[in-house]
Amino acid sequence: MLHIVENPLIQVKLNIMRDERTNSKDFRTLLDEISSLMTLEVFKDLKVVPTGEKIITPTGVEIDKLKLNHSIIVVPILRAGIGMSNGVIDMLPTARIGHIGLYRDEKTLKPVEYFCKLPHVKDPLVLICDPMLATGGSACDAITMIKKRGYQNIRLLCLVGAPEGVKKVQETHKDVDIYLASLDERLNENGYILPGLGDAGDRIFGTL
């Protein structure tokens, strides 16, 4: 399924990120904030269960200590995905973190793998993070890489997406839910999302 996280706070922050005058520092801060807000939607269907331990409140009442019913692995696609995963991890400090290295060949627009390192966790929920879902090639390859390592419960979190990329992921990995802050209009001839927000990696790290 495709989930568009419609929230006025997200819409305003994303609008500022789209502005070419927004500097890298503000861009990173806004991306952190939006990612944290989107995390609430991504995991709203999870349950909490007792850990078997007890805690005592300041009023002296003993209650169950709680945890999520899933272990979480957050997997940013390098390098831009790091900018999104920070905000997610702020909300889920106990989550484990993996990394997938893919880059897009500028001539073929196809993703090239150069790194993959994932934690060993039993039956986790894996959240892939990448700000841009453009052609869908990198996302599909990342999902395939994770599935090959035995993980099947996977979700994809992106900031903005193009219809072409959404369609490719939906056709290739029908079991993966996609979460976007915005579904944009289309891709241009160079594979960039319109209206988009430029190259997210360059804007995050100031490498314009």
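This is a guided tour of selections to make in the structure, which is a predicted model.

**Stop 1: the main core**

Begin with M17, M38, F43, I72, L157, L159 and L197. These are the residues with the most contacts inside the largest nonpolar core, which has 36 residues. To see where its members come from, colour helix 1 (8-18), helix 2 (24-42), strand 4 (72-78), helix 3 (81-91), strand 8 (125-129) and helix 6 (200-205); each of them supplies at least two residues of the core. Helix 2 gives the largest share, six residues. As a general point, nonpolar side chains in soluble globular proteins tend to be buried together.

Now keep L157 and show its surroundings. Leaving aside residues up to four places away in sequence, L157 touches M38, V42, M84, V88, L127, I128, C129, D130 and Y179. Apart from the core just shown lies another one, of 26 residues, with V75, C116, L118 and M145 among them.

**Stop 2: R155**

Select R155 next, in strand 10 (residues 154-157). Is this arginine buried or exposed? R155 has a relative accessible area of 10% and is therefore buried. Display its contacts, again without residues up to four places away in sequence: V42, F43, D45, L125, V126, L127, I128, V176, D177 and Y179. Two aspartates, D45 and D177, are on that list.

**Stop 3: V126**

From R155, step to V126, which sits in strand 8. V126 counts as buried because its relative accessibility is 1%. Which residues does V126 touch beyond four places in sequence? They are I73, V75, I146, Y151, N153, I154 and R155. For a distance check, pick the C-alpha atoms of V126 and L157: they are 10 Å apart in space, with the two positions 31 residues apart in sequence numbering.

**Stop 4: I178**

Go to strand 12 (residues 177-180) and select I178 there. At 0% relative accessibility, I178 is another buried residue. Its contacts, not counting residues up to four places away in sequence, include the chain-start residues M1, L2 and H3. The others are L133, L156, V166, V169 and Q170. Draw a line from the C-alpha of I178 to that of V42: the separation is 9.1 Å, for two residues 136 apart along the chain.

**Stop 5: T108**

Using V42 again as the reference point, select T108, which belongs to the loop between strand 6 (99-104) and strand 7 (111-117). The C-alpha atoms of T108 and V42 are 32 Å apart, while the sequence separation is 66 residues. T108 is partly exposed, with a relative accessible area of 47%.

**Stop 6: the second largest pocket**

Show K67, L68, H70, S71, I72, L92, T94, A95, R96 and V121 together; these residues line the second largest pocket. Its volume is about 210 Å³. By type, the lining divides into five nonpolar, three polar and two charged residues. I72 is in this lining and is also one of the residues with the most contacts inside the largest core.

**Stop 7: cysteines**

How many disulfides does the structure hold? The count is zero. Select C140 and C158 to look at two of the cysteines. The sulfur of C140 has its closest cysteine sulfur in C158, 11 Å away, so the pair is too far apart for a bond. For C158, the nearest cysteine sulfur is that of C129, at 8.4 Å, and C158 is in no disulfide. C140 is buried, with a relative accessible area of 4%, and C158 counts as buried at 1% relative accessibility.

**Stop 8: backbone geometry**

Finish with the backbone. Where are cis peptide bonds to be found? One runs from L78 to R79, with omega near 0 degrees. R79 lies in the loop between strand 4 and helix 3. Another cis peptide bond runs from L194 to P195, again with omega near 0 degrees. P195 is in the loop between strand 15 (193-194) and helix 6.

The last selection is D123, in the loop between strand 7 and strand 8. Phi of D123 is near 50 degrees, a positive value in a residue other than glycine. With a relative accessible area of 61%, D123 is exposed.

Conventions: Residues are numbered from 1 along each chain as its sequence is written. This is a predicted model: local features need pLDDT of at least 70, side-chain atom pairs count only at pLDDT 80 or more; totals for chains, interfaces and linings use all residues. Side-chain values use heavy atoms; hydrogens and water are left out. On a 1 Å grid over the protein atoms alone, a cavity is a set of points where a 1.4 Å probe fits but cannot get out, and a pocket is an open set with protein on both sides within 12 Å along at least five of seven lines; lining residues have an atom within 4 Å of a point. Grid points are joined across faces, edges and corners, and a volume is the space filled by probe spheres set on the points. Ala, Val, Leu, Ile, Met, Phe, Trp, Tyr, Cys and Pro count as nonpolar, Asp, Glu, Lys and Arg as charged, and the others, Gly among them, as polar. A nonpolar core is a set of buried Ala, Val, Leu, Ile, Met, Phe, Trp, Tyr and Cys residues joined through side-chain atoms within 4.5 Å. Buried means under 20% relative accessible area, exposed over 50%, partly exposed in between (1.4 Å probe, protein chains only). Helices (H or I, at least four residues) and strands (E, at least two) are DSSP runs, numbered from the N terminus. Contact means heavy atoms within 4.5 Å. A disulfide is a pair of cysteine sulfur atoms within 2.5 Å.
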